[in-house]
Amino acid sequence: MKPAAVKYARAGDVQEAVALLSEHGTDAKVLAGGQSLVPLMNFRLASPSILIDINRVNELAYVREDNGSLLIGAMTRQRDVETSPVVAAAVPLLPQALHHVGHVTNRNRGTVGGSVAHADPASELPALVTGLAGELTVEGPKGQRTIAAEDFFVGTFTTAMEYDEVLTAVRLPRLPAGTGVAVEELARRHGDFAIVAVMAAVHLAPDGSVDLVRLAASGVDSVPLRLHSAEAVLAGAQPTADAIAAAAATVAASVNPTGDVHAPASYRRDMAQLLVKRAVGAAIERIGVSA
Amino acid sequence: MTVIGERIPRSDGQSKVSGEAIYGVDYAEPGMIWGALLRSPVSSGRITRLDTTAAMAMPGVHAVLTAADAPDAYAGWVLRDQRLFAVDRVHFEGQPIAAVAADTLAQARAAAAAIDLEIEPLPAVVDLDHALSPDAPLVHPDWESFVPTAGPDFPRGGNLAAESISDPPGVDEAFARAHRVISDEFVAQRQYQAYIEPKSAVGIFRDGRYTIHTAHQFPYNVRDRVSQFLNVRPSAVRVVGHTIGGGFGAKLDASLEPYAALLSRAVRGLAVKLVNTRTEDLITCPSREGAITRLRSAVDAEGNIIARELEVIADNGAYSGEMPWLASIALHCARGVYRAGPTRVVARLVYTNTTPTGAFRGVNGTYLYHAVERHMDHIAAELGVDRLEYRLRHLFTDGEELLNGQVLDDAGILRQGFEAIEAAAPWAELQAEKRPYRGIGIGAAWWLTNPSAGTAVVKMHEDGTVAVVTAATDNGSGAVSMGVTQVVAERLGIPPADVHIALPDTDVAGFDGGSQGSRTTRIVGKASQIAADEVVEKLKNVAAGLLEAAAEDLEVAEGTVRVKGVPGKSMTLAEVAVTAMNTVGPIQGTGSFVTPFPDFNPGCATGLMLPSFPTPTYHVHLAEVEVDPVTGNVRVLRYLVAQEVGRVISPDGTYGQVMGAVTQGIGYALHESLRIGEDGRYRERTLESYRLPLAGDVPRVEFFPLEHPDPDGPFGAKGVGEGPVLLPAAVIANAVSDAIGKPFNQIPITPEEVLAAIQS
């Protein structure tokens, strides 16, 4: 299928992109990697009047460590992040999550910022950013501001960004050395949109108790969720099978899935709970094993 | 040197891989414009407003047609129950209401969308059982006026589109004295053929005739359907075939072709092309029908099945297509391949307000064998006997007489199939090694090779190569690009690369029954072999004078005509062919072939439209699956096929058909969901939610061909392509049921259902 007719403008830098957005208003869309937006346009589910292409904004393609956190430019290709040793050392959960994003060909083109700004509640990166308490830097006519991930995602395909703002960077806290990470995902086929995905990062204190746990889920609400209740059950506890089960048992109350053509709501709820169990178990198994 | 059974490059392989092949969707004519259809958005309703004025005024628009512009004609493969455009009422979502021709595809679609249409919704008939209840609204209140396309009318009435009933004596008596009675109900969803190439057609009205370009499995059927819809004689329609991007039965009946033809006429002969979007294609495709199958078996104290009842209610959709003809397949599959005493078979095909269903590889057989083989597992479990041993105890043997009186002389091949599977996957070992959440399923089937007529002309070029003119099509199977090619090459002693087979053209090649029912290699191969025999005789007669030998002392081999047993006394085919130009004229041969229906008892059933199964083949499948107890996902670990093939002509083609059919069967069993909502509309509408299995979801099939050359087939060949799709749903359902210990009697098996069964 082909998209409806659309105008096109290329921004040379962030300021130009912001100016174009201000000029064209709410019918404009930023074109990053285009791996979600273009199919939506082809299916006529999205019909922006103009695309503002930021693929030539090279200043937004970078990965670096910054003051104990990992800073990723919005236009960094997902595949570059997935294969980056800097990323693997700082946030080993990220390459694992990216492995589930589409296929390699999608990730060669798809960007970190594009996926986050697209705010699909079923996709992996928004959930990861939420679960790891990341921060999003956006730039608009009034300058830069930083938004916490849990405030950034406000609904399906909807973020706290204004229409004239561009996402420029994603900041993720560095995970302590020895953190075990796992992504458990239920998709009918590899590369399909996940029905439910759960991501876990777990670090243990010398006495074996959990001193850091981060849990995120996608596909279970209109926004990606950090599973605070489940984290609270595990924090400070010995990670026994019972403790993990108790943490997983809180999930049903934390999530708010809706049924669709891919799976009924009850199945998503069951799967979220079971995948939390699997992901926490797998993360603990992998503690000390480098990604 | 023989090329039969040898691996050869397929003649269309390079062009398909390189992108040079011109598929139907690629085809263009000089000056061509574009068409689009306005389709009904609802499954049942009354058209209260249809105004094309605004659409006609849109940019680039040449014509907008509705029922008022089409001949007042009814068309249909078996029953003439369908009109080109909806008149007053719409009967399924996607039914064409109007057609537009415009300079560009975008303009045509925009104009179709601009047609002013209002429909007052009416209740939709969707549920199969309810469709037959007295209070159900009639899908076609005027059903009595429909006329069969050929021959006498058949049993039908109201929402009952066709019925076939066999009620032999002794069934009730056996049930009355049964030690126990075992009953099951099975439900199967529809399956979309999901070929890569969506349907398309280019129509041209010129010199008072219609020419249609289309990538089609059955060009002669398109000719007939277009002639019915447009109310002209068949010879007024010429159908030219192009390379097909898959069909699997969905491209056996006309679809867009008559609209392209009528639009071209309306725009004074400009070529008009229509092409489906994927969603249009999916929601209007004649998918495999959904069905409910109910089975009851009477078992005596020794565990023998002494009688059976099978009732199947199948979904015809809103129009009949080929479906009534297939209803009697239930009679041929009601016992599978196992003795089961006298068997009552009631097959009903019902009209619903849904997209018309149609042929899909293994027509009717997939869900019938699923039902029969699940039922066999159930009986064995009730009796506490081993499933395999129970099957072998009841297995058909040579000389088995079937419910329709047909005798299977060679049914003993079935036991060889079980033995081939046993050798590769010993049953006792599989049972002993079984781990939790793993399961094994086994099943067997028999099937026909479609007997429909075919013909071919083999003409010798002066350079010693040959052209084969036939209306047969290669739907991707390799039946033409390898099978028929090899048969002709073998007969003439030339390399397969020297055999060129033309694409079909109904003005040029004689009737062909289409790429269906595994028939092409066998029927067209046989016709081509007969034609090549004529070429051989003519070559010998011409060469006899030149070689100063009697024609009967000559042989055609290795690119020459030569004197048998006299090395050096030979001429190339090119030399003989050139000589013929000056003596007898160009050399060509003609062959025709059709398989007669095997003898049957015409009184065995009512509605017996497909009376018996010609050229039977035999099939045994085994699957091993693993269930993920957390997600409910099922993974097929191992899949084995033992299949009677007559003789393997092309090993790559044969294995490709088996691998492809099993893949399609795994999709049917586990992945491909095509649900119909209460409103009669499909819920899955794109290939994102209609999930085909991917390479990673399918194991490499272990294949054991069983060769028993058929004396009537070309070099012994029988049909190959359909049979292997019959059993995957059956054996996978048996394997999942074995893994979980609970019955799975619905197709497809979804993770949600597996999980619910585990948790219950």
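## A tour of rings and strands

Begin in chain A by selecting Arg64(A) and Tyr62(A), where the charged end of Arg64(A) sits over the ring of Tyr62(A), 4.2 Å from its centre; a charge sits over a ring if NZ of Lys or CZ of Arg is within 6 Å of the ring centre and within 35 degrees of the ring normal. The model on screen is predicted, with local features needing pLDDT of at least 70 and side-chain atom pairs counted only at pLDDT 80 or more, while totals for chains, interfaces and linings use all residues. Residues are numbered from 1 along each chain as its sequence is written, chains are lettered from A and ligands numbered from 1 in the order in which they are written, and side-chain values use heavy atoms, with hydrogens and water left out.

Next, select strand β5 (residues 69–73) of chain A, in which five of the five residues are buried, so the strand is largely enclosed by the rest of the structure. Buried means under 20% relative accessible area, exposed over 50%, and partly exposed in between (1.4 Å probe, protein chains only); strands (E, at least two residues) and helices (H or I, at least four) are DSSP runs, numbered from the N terminus. Ser69(A), Leu71(A) and Gly73(A) point one way from β5(A), whereas Leu70(A) and Ile72(A) point the other way.

Add strand β4 (residues 63–66) of chain A, which runs antiparallel to β5(A) and is joined to it by four bridges; two strands pair if DSSP finds at least two bridges between them. Asp66(A) stands opposite Ser69(A), and in the hairpin, with two residues between the strands, Asn67(A) takes a positive phi near 55°. Then add β10 (residues 166–173) of chain A, also antiparallel to β5(A) and joined by five bridges, with Leu71(A) opposite Arg171(A).

Now move to the aromatic pairs, of which the structure holds 13 over all chains. In chain B, the rings of Phe85(B) and Tyr259(B) have their centres 5.4 Å apart and their planes at 70°, so the pair is edge-to-face. Rings of Phe, Tyr and Trp (its six-membered ring) pair if their centres lie within 6.5 Å, and planes under 30 degrees apart count as stacked, over 60 as edge-to-face and the rest as tilted. Phe85(B) is buried at a relative accessible area of 3%, and Tyr259(B) is buried at 7%.

Select Phe205(B) and Tyr210(B) next, a tilted pair with 4.8 Å centre to centre and 50° between the planes. Finish with Trp77(B), Phe218(B), Tyr220(B) and Phe511(B), which ring pairs link into a cluster.
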